[in-house]
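Please read the following report alongside the sequence and the model, following each residue in the viewer as it is named.

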Amino acid sequence: GPAGAGMSAAKANDLRKAFLLTVPRQEIVDKLVKTINPAAKVLNSITPYFNASPSHAKMSATSGVKPYTDAEATRLAAAKALLAKHGYSTTNPLKLTLHWGGPTNERRKNTAALIVAAAAKVGIEVNSKPSAVWSQELGNNKSDLQFFAWAQTSTVFTGLRTIYGIADDGTTPRNSNYIDWLNPTVDKALARHSDEILDADGAFKVNQTFEKEYFKDAVGLPLFQWASIAAATKTLKNVKPSALSPQIVWNYWEWKY
């Protein structure tokens, strides 16, 4: 973040953006997600408007995610230019630490490996550090980068403020804002999900404000929507997967043989 290593906010933003431009999202989806769901696509909305939502394309057209959807050569050239602006190159690499959970999780292990390889092409040396107690270390500020995932439990957007908002004192991050992103414009916008009754258009405009700030500040980058497999014997009736967590067991009381 801006306070890290005594650098200016502008420099920190440039370096965050440079790294994010290297993330090989299409390669990650092609190699690690399409093996489970051949129709999987790169996720371009963080709100969440998932790929199947009509709002996904509408949001990604205006949110500022566009530079991260360019071809690899274009992205890496832009990243290299940002790094060179601050004296970094393949001979003088920017060194970052990537924190992620579950060392035995093959998908995360391979995702990290692809990210490390792509970043190295432009002069970013990523030290991949998996941890078995990942969740306990999310807010300790000992890493520069981290994987973060969550499951949607409802169709409302109130939870976004917990992850990206500011506490009531106006100076500290909310409970799950582990990256300490303090953006008053974002917090004020996301508060409307709780404070007002918004229709679909109103909610979209709030989320649009949030996403524009998210990409402007180079906070992070959505990768993909998790694919999953659920299997049941033919004699078990009323298994109805849900789009919301806990996807497969939400109606277990209706199951019967």
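The report below takes up salt bridges, backbone geometry, a pocket and a surface patch in turn.

## Basis of the report

The structure is a predicted model, and residue numbers run from 1 along the chain as its sequence is written.

## Salt bridges between distant parts of the chain

Side chains of opposite charge can pair when their charged atoms come close. In this model, a search of the whole structure finds 11 salt bridges. One of them pairs Lys 85 with Asp 14, whose closest N and O atoms are 3.0 Å apart. This pair links distant parts of the chain, since Lys 85 belongs to helix α4 (residues 72-85) and Asp 14 to helix α1 (residues 9-22), with their positions 71 residues apart in the numbering. The two partners differ in their surroundings: Lys 85 counts as exposed because its relative accessible area of 57% is over 50%, whereas Asp 14, at 12%, counts as buried because that value is under 20%.

A second bridge joins Arg 174 and Asp 187, with the closest N and O atoms 4.0 Å apart. Here too the pair links distant parts of the chain, with Arg 174 in the loop between α6 (160-164) and α7 (184-195) and Asp 187, 13 residues apart from it, in helix α7. Arg 174 is partly exposed, with a relative accessible area of 21%, while Asp 187 is buried at 10% relative accessibility.

## A bridge within one helix, and a network

What separates Lys 216 and Glu 213 within helix α8? Because they are 3 residues apart in that helix, about one helical turn lies between them, and their side chains meet in a salt bridge with an N to O distance of 3.5 Å. Lys 216 counts as partly exposed at 49% relative accessibility, and Glu 213 counts as buried at 16%. Elsewhere, salt bridges that share partners join Arg 161, Asp 168, Arg 174 and Asp 187 into one network, so that the bridge between Arg 174 and Asp 187 described above belongs to this network.

## Backbone geometry

Most residues other than glycine have a negative phi, and most peptide bonds are trans. Where does the model have cis peptide bonds? One joins Thr 47 and Pro 48, with omega at about 20°, and Pro 48 is found in the loop between α2 (25-33) and α3 (54-60). Another runs from Ser 245 to Pro 246, with omega near 10°, and Pro 246 lies in the segment after α8.

Positive phi values also appear in residues other than glycine. Ala 218 has a phi of about 50°, and Asn 238 has a phi near 70°. Ala 218 is found in the segment after α8, and Asn 238 is found in that segment as well. Their accessibilities fall into separate classes, for Ala 218 is buried with a relative accessible area of 2%, while Asn 238 is partly exposed with 31%.

Ala 218 can also be related to a residue far from it in the numbering, namely Ala 12, as the two are 206 residues apart along the chain while their C-alpha atoms are separated by 9.3 Å. Ala 12 is found in helix α1, and it is buried, with a relative accessible area of 3%.

## The second largest pocket

Rolling a probe the size of a water molecule over the atoms shows where empty space is left. The second largest pocket found in the model has a volume of about 190 Å³. Its lining is made up of 13 residues, and those that lie nearest its centre are Trp 150, Gln 152, Val 156, Gly 159 and Leu 160. By type, the lining divides into 7 nonpolar residues and 6 polar residues, with no charged residues.

## A nonpolar surface patch

Which residues form a nonpolar patch on the surface? They are Val 249, Trp 250, Tyr 252 and Trp 253, which together have about 470 Å² of accessible area. Tyr 252 is placed in the segment after α8 (200-216). With a relative accessibility of 53%, Tyr 252 counts as exposed, because the value is over 50%.

Conventions. Predicted model: local features only at pLDDT ≥ 70, side-chain atom pairs only at ≥ 80, totals over all residues. Heavy atoms only, no water. Patch = residues over 30% accessible without salt bridge, like charges linked within 9 Å, V, L, I, M, F, W, Y side chains within 5 Å. Areas by Shrake-Rupley, 256 points an atom, 1.4 Å probe, with all protein chains shown as cover. Helix = DSSP H or I, 4+ residues; strand = E, 2+ residues; numbered from the N terminus. Buried < 20%, exposed > 50% of the residue type's maximum accessible area, 1.4 Å probe, protein only. 1 Å grid on protein atoms, 1.4 Å probe; cavity = no way out; pocket = protein on both sides within 12 Å on 5 of 7 lines; lining within 4 Å. Points joined across faces, edges and corners; volume = space filled by probe spheres on them. Nonpolar A, V, L, I, M, F, W, Y, C, P; charged D, E, K, R; others polar.
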